[in-house]
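Welcome! Below is a short tour of one structure, with a few places worth finding as you look around.

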Amino acid sequence: MIQRFSFGQMIPTESVVCSLPVSESPVPYLIQDGTGWRYEMAEDDIVYGLGEMVRGINKRGWHYCANNSDEPHHTEDKRSLYGAHNFFVVSGFGGRPSFGVFIDFAGQVEYDIGYTEHDVFTFRTAEPDYDLYLITGDGAADICHQFRGIIGRSYIPPKWAVGLSQSRWGYKSEEDIRAVAKGYRDNDLPLDMICMDIDYMADFADFTVNTKAFPDLAGLSGDMKQQGIHLIPIIDAGIRADEQDETCQEGLEKGYFCKKEDGTPFVAAVWPGEAYFADFLRPEVRDWFGKRYKVLTDLGIDGFWNDMNEPSLFYTPDRLRSAVERAAELGAKGNLDMYDFFALQQIFSSLSSNEDDYKTFYHQINGQTVRHDRVHNLYGGSMTRAAGETLQTLRPGTRTLLYSRSSYIGSHRYGGIWLGDNDSSWAQLRENIHQMPSVQLCGYLYTGADLGGFGADTTPDLVLRWLEFGIFTPLMRNHSAMGTRDQEYYRFDKQLPAIRNILNLRMALIPYLYSEFMKAVLEDGFYFRPLAFDYPDDAMARQVEDQLLLGEGLMVAPVCTQNAAGRYVYLPESMKMLRMRSVDDFDEEILPAGHHYLPCALGEVLIFLRPGHLLPLVRPARCVAELDESHFNFLSYSADGNPCTYRMYHDDGLTTDYLRPEHWQTLTEAAKV
Ligand code: MIG
């Protein structure tokens with residue numbers, strides 16, 4: 001059951017797609033606490049949700065803040081990352097209640113989940129105007145399923161977007177892109193996409209191409225498609241302030257940029273230097289901005305990533321000016337004492353994405369002028385919406401790949417998200433495992449992290465171990481920052497055979513992974529989920545943070561500790577373990593429920609089949625479009641001797657015609673080929 005409570009006059013967010021009557025009864029479970037709400041947790045209550053945040057799957061023991069931020073250091077002390085996903089579930093055990101809460105509010109929301117007091121959960125919105133949805137049901141999985149029902153169907157990418165994507169901030173020319181394609185094809189590694197980071201643009205201006213470095217992008221895109229590779233350019237939120245630039249000119253003429261109090265357009269510097277920020281909260285601005293993508297779709301581009309849309313601001317001219325002045329004053333003092341010195345450092349470190357700058361510009365919402373900070377969390381998701389909505393009209397009936405860095409629940413209908421600037425550390429591999437179910441239960445199904453890590457230098461073992469998890473994530477992208485060690489999979493000579501086998505395993509798994517992805521989208525179900533979603537009465541399963549259920553039949557348990565030769569795995573019931581070195585080379589063993597130490601060498605992948613389940617595999621191919629899905633090999637675990645079956649979804653992967661009954665078939669082991 002879902003109850004809606006309404007407080008004050010909320011600014012509409014369009015996160016919820018149905019309109020529920022407002023309940024006048026008291027809010028169950030929660031106690032009003034000053035301007036917020038309070039819940040006393042029992043020791044074994046779990047709190048799931050909040051989407052893209054640091055720490056565990058169980059969010060207890062920290063304080064968080066929904067406040068979309070360009071935060072490149074995802075350490076445990078952080079309170080906000082790029083997305084505002086204000087949905088959580090309190091999951092009680094042993095007769096204690098379970099319920100879900102969605103706070104529909106566009107500004108900051110603070111959560112104190114046992115941070116101030118170990119068993120007290122409080123949360124509050126920055127303003128008293130919001131809707132609160134309270135969901136009760138049959139445990140965490142049912143509650144999340146109901147929530148998905150009110151926020152609308154999750155975005156569906158083209159099927160080729162579940163292939164591998166190679167990216168690096170630093171591909172500067174057509175030659176660089178061709179070299180990546182060659183690196184993959186010459187080494188016989190599958191690849192479906194190459195991302196183009198900011199260097200493809202002319203002077204970092206959106207919807208332009210640096211024609212010196214990329215003289216014929218349409219030609220390049222065509223050549224790449226011949227090899228089964230799609231080019232995926234980045235689009236940044238800030239629009240280069242340049243009267244010669246068409247996007248800038250049009251935006252100024254039409255008055256589509258966010259304005260300051262004095263009515264002049266707000267300016268802040270990002271990659272192109274000074275930039276303007278489109279008011280994506282206005283439908284006509286979304287339509288205009290979305291149509292600008294045509295500049296690139298006309299060149300054969302069929303996928304995009306939207307970046308910097310928190311929005312991230314390097315500095316505003318005013319703040320920079322006063323920083324320089326203040327620095328000059330301090331500098332004039334000569335011998336700085338430590339307070340002055342730290343003040344000097346602070347002046348410059350607080351220039352970027354300064355909270356006070358978010359209070360200096362305005363949006364137009366239904367004819368009202370609204371200060372940015374009050375709707376800050378809507379900005380990035382609205383940029384995704386601009387692109388997503390319009391691409392549907394620019395390419396009717398056809399899917400376009402789209403994922404974003406910043407998001408707000410609601411934008412999950414228009415695009416996926418990637419998990420931002422992680423780094424090449426084992427802690428970040430673990431964070432990837434924690435974040436996947438957390439964002440997916442908020443509707444972001446097409447999701448993944450930068451495999452191998454974005455910032456800092458990676459290591460060959462981390463690349464391999466991360467891949468052992470990454471092959472299961474819907475968005476599978478290897479991306480790294482400028483200045484870091486080369487990270488393309490073909491750069492690791494010694495590991496290349498193992499890497500090839502694991503990438504091929506991903507390709508072989510695609511019919512299952514895509515089918516489970518589509519089921520999760522079409523049925524408001526789950527792709528990744530915590531063990532306790534399916535084994536709610538198992539106290540041990542409730543504690544597991546480093547194993548995930550994947551679709552109807554699998555559990556994954558990646559090794560995420562450096563130099564480990566295996567790991568402990570907890571099985572809530574008997575499962576068949578597959579220790580896979582490649583599609584055709586694996587050990588299998590039926591294990592009883594309980595704890596097991598399982599060796600897993602570098603280059604091996606542990607997959608667990610649940611009883612009664614069938615896993616279809618196909619021959620790998622160099623790209624998704626070339627997979628032959630007319631013949632399957634099956635792996636199965638029939639615990640009771642009955643043949644296993646699999647309910648499979650399969651479609652053309654390109655059109656938006658998802659609902660045909662013939663997309664569903666039941667595979668049985670008897671059909672073994
Ligand atoms: O200020 O475009 O998260 O993936 O490579 C950094 C350069 C801007 C941040 C993105 C990252 C991308 C980088 N961008």
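## Before you start

A polar contact here is a pair of N or O atoms within 3.5 Å; within protein, one must be able to donate a hydrogen and the other to accept it, and residues adjacent in sequence count only if both atoms are side-chain atoms. This is a predicted model, in which local features need pLDDT of at least 70 and side-chain atom pairs count only at pLDDT 80 or more, while totals for chains, interfaces and linings use all residues. Residues are numbered from 1 along each chain as its sequence is written, and side-chain values use heavy atoms, leaving out hydrogens and water.

## Around the ligand

Let's begin with the ligand. It is surrounded by 15 residues, each with a heavy atom within 4 Å of it; the closest are Asp197, Asp307, Arg405, Asp421 and His479. This shell has nine nonpolar, one polar and five charged residues (Ala, Val, Leu, Ile, Met, Phe, Trp, Tyr, Cys and Pro count as nonpolar, Asp, Glu, Lys and Arg as charged, and the others, Gly among them, as polar).

An N or O atom in the Asp307 side chain is 2.8 Å from a nitrogen atom of the ligand. Ligand oxygen is met by a polar side-chain atom of Arg405 at 3.0 Å, and by one of His479 at 2.9 Å. On its own the ligand has 350 Å² of accessible area, and the protein covers 95% of that (Shrake-Rupley method, 1.4 Å probe; for residues, only the protein chains shown count as cover).

## Two unusual spots in the backbone

Next, look at the loop between β18 (303-307) and α7 (317-332), where Pro311 lies. Helices (H or I, at least four residues) and strands (E, at least two) are DSSP runs, numbered from the N terminus. Glu310 and Pro311 are joined by a cis peptide bond, with omega about -5 degrees.

Arg55 sits in the loop between β4 (46-49) and β5 (62-66). Although Arg55 is not a glycine, its phi is positive, at about 75 degrees.
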